[in-house]
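Reader: I'd like to go through this one with you and ask how each label was earned. Can we start once it's on the screen?

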Amino acid sequence: MGALTFSAPAGATATARGAFTTTPTATDPYTYQVGFGNRFATEAIPDTLPLGCNTPQRCKYDLISEQLNGTPFVSPRASLLNAWFYRIQPSVAHKPLRRLSQSTDLEAVFSPLNPNAVFTPQDLGWDKFPLPTSQEHVDFISGLKTVAGHGDPTSKEGLAVHIYSANASMKNKAFCNNDGDMLILPQEGRLDIQTEFGRLMVRPGELVVIQAGMKFSVKLPDGVGRGYIQEIYGSHYELPELGPVGSNGMALARDFEIPVASFDVDQSRWTIVVKLVGQLFAYDQDHTPFDVVAWHGSYAPYKYAMEKFINSATVDRDQSDPSIYCVLTAKSKIAGVSLSDFLVFTPKWSVTRNTFRPPYYHRNVATELMGMIYGTWAGSATFLEPGGLTYEPSYMPHGESYERWKEATSVDLQPQRIGDASMAFMMHISGHVSLTKYALERSACLQPIREDAWDDFQPGFLKHLDVIAGKAQHTDTPSGMVNGSANGTTGIPTKPHTNGVL
């Protein structure tokens, strides 16, 4: 078969007419720009953005110029986040605010002084959080329920973990969270999110980040919506450093998708709900908040398909720490310590030899909150289903069951595909985390604590005491190092312990 050739007219050239944008699909009708941390420029009407300045004396089409800042004005250039809008009406054109009745299931301050925030070292789990009944009308805002958190948005340090459960779209209503950035994880049902920056369709398996101060509205194209939210105070999500991994791997910056400008002409009545320190306020206006004709900047919402995450792991022996599955991280005020690392567990190969392959037994300085998007969880010590959650508090021991240990320490190790058709995640949180009264008392899905999980454990070490005693008698092992047996004695002369010294 001959080589394939391509002929073109002499001197023919091809030049891109714009930056790369994605193509709509059957389940996502929208177009996106790409790139994490880029500065973007997008206009729904060509030639709308001013050139050479941000605030011309008069904007084209008599639009209003307006800036949104995600960092203080005087911030290092590398961390500066802002966006310029060119909109039909200014955001300031609204009626006075009013305080809404406080939701008993929404929390923001996680001090021990808050009676609704409970600190416990007990590991816990929840079955999938319930969806609203058909008799209820619950939109995204009214479906927010806080499960856990630490810190306080007034000090701009800490976070909150929520679930949302809804069966109604928001109509002529928008939400603006002034407390922090929200990382939203749909678990059941897509979210059709309209923002000032444009539109995003987010399905289970994708995450979306909507930063503080951004207005957005949520529709439910599949009729229901349930998922998880990690909200961070005083920090922003970043890509983790790659270190020895090099230039490629983990979450690729080019796989993050940012909306293009989209606007409505709508002079109807709208209500904007604002969250501040967990309290809800509202104001009315006679125009849509989604009237931005063009915008440019670096402070913008984005989404990411977690199936695209590139796994790395040991390929010979031993285990890597779960930090290799980090998609996004947020810095705390302590240098070198993250506020939270967001990890995702997607299908991969396990090929190590002479290795205990299940997650190793450990006690972690961080608190671990795990959830599941879809599939079946392979862990044996806890039950985790899609829509559920597990909690492993700081420094408390956890690991696989005794049955899994026996299996994993005796199985013939062969290359094995694990996690197919499954996706789970972990919020790896550096601070002590409290649980809410909703999570502990009102969620109706808290799992009972297993009291007998390790009752049948038989320390294998005790089977070898005779051999160990024999070796001790023929080596320079100090007298008293081998102390005790299955029946309390070894027959080996020992010295009594004095203040912990033999």
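Reader: What makes lysine 406 count as lying over the face of tyrosine 402?

Author: This is a predicted model, and in it lysine 406 is 4.5 Å from the ring centre of tyrosine 402. The cut-off for a charge over a ring is 6 Å, with a limit of 35 degrees from the ring normal as well. The distance falls within that cut-off, and lysine 406 is listed as lying over the face of the ring.

Reader: What else does tyrosine 402 take part in through ring pairs?

Author: Tyr402 belongs to a cluster linked by ring pairs, together with Phe356, Tyr361, Trp405, Trp454 and Phe457. Across the whole structure, the search turns up 21 aromatic pairs.

Reader: Why is the pair of phenylalanine 197 and tryptophan 295 called edge-to-face?

Author: Check the centres, then the planes. The ring centres are 5.0 Å apart, and the limit for a pair is 6.5 Å. The planes meet at 85°, and anything over 60 counts as edge-to-face, so that is the label this pair gets.

Reader: Why say that this pair ties together separate parts of the chain?

Author: Phenylalanine 197 is in the loop between strands S12 and S13, while tryptophan 295 is in strand S21, so the pair bridges parts 98 residues apart in sequence. Both residues are buried.

Reader: How do you know that the buried residues of helix H3 line one face?

Author: H3 covers residues 465–473, and its buried residues are Leu465, Ala469 and Ala472. Looking down the axis, they fall within an arc of 60°, so they share one face of the helix. The general rule is that residues three or four places apart in an α-helix point the same way, because a turn takes 3.6 residues. On the face of H3 turned away from the buried side you find the exposed residues Asp466, Val467 and Lys471.

Reader: What makes S1 and S6 edge strands?

Author: The sheet is open, with 10 strands in the order S1-S18-S22-S14-S11-S16-S9-S8-S30-S6 and antiparallel pairing. S1 and S6 each have a single partner strand, so one side of each is left without a neighbour in the sheet.

Reader: How do you know that S1 really pairs with S18?

Author: Pairing takes at least two bridges, and S1 and S18 are joined by three, running antiparallel. Valine 34 has glutamate 257 as its bridge partner in S18, and glutamine 33 stands opposite isoleucine 258.

Reader: How many bridges join S18 to S22?

Author: Two bridges join them, again with the strands antiparallel, which meets the requirement of at least two. Phenylalanine 256 of S18 stands opposite tyrosine 304 in S22. As for side chains, Phe256 and Ile258 point one way from S18, Glu257 and Pro259 point the other way, and all of them are buried.

Reader: Why is glutamine 285 called buried?

Author: Its relative accessible area is 5%, and buried means under 20%, so glutamine 285 qualifies. Glutamine 285 sits in strand S20. Beyond its sequence neighbours, glutamine 285 touches Ser91, Ala93, His94, Ser268, Arg269, Trp270 and Ile272. The C-alpha atoms of glutamine 285 and serine 91 are 9.3 Å apart, although their positions lie 194 residues apart along the chain.

Reader: And why is aspartate 47 called exposed?

Author: The relative accessible area of aspartate 47 is 56%, and exposed means over 50%, so the label fits. Aspartate 47 lies in the loop between strands S2 and S3, and its phi is near 65°, a positive value in a residue other than glycine. Lysine 156 also has a positive phi, about 55°, without being a glycine; that residue is in the loop between S8 and S9.

Reader: Which residues touch the most other members of the largest nonpolar core?

Author: Leu185, Leu207, Val327 and Leu328 do, out of 91 residues in that core. Strand S29 gives the most to the core, with six residues. The contacts of leucine 207 outside its sequence neighbours include Leu185, Val327 and Leu328.

Notes. Residues are numbered from 1 along each chain as its sequence is written. This is a predicted model: local features need pLDDT of at least 70, side-chain atom pairs count only at pLDDT 80 or more; totals for chains, interfaces and linings use all residues. Side-chain values use heavy atoms; hydrogens and water are left out. Rings of Phe, Tyr and Trp (its six-membered ring) pair if their centres lie within 6.5 Å; planes under 30 degrees apart count as stacked, over 60 as edge-to-face and the rest as tilted. Helices (H or I, at least four residues) and strands (E, at least two) are DSSP runs, numbered from the N terminus. Buried means under 20% relative accessible area, exposed over 50%, partly exposed in between (1.4 Å probe, protein chains only). The arc is that of the directions from the helix axis to the C-beta atoms. A nonpolar core is a set of buried Ala, Val, Leu, Ile, Met, Phe, Trp, Tyr and Cys residues joined through side-chain atoms within 4.5 Å. Contact means heavy atoms within 4.5 Å.
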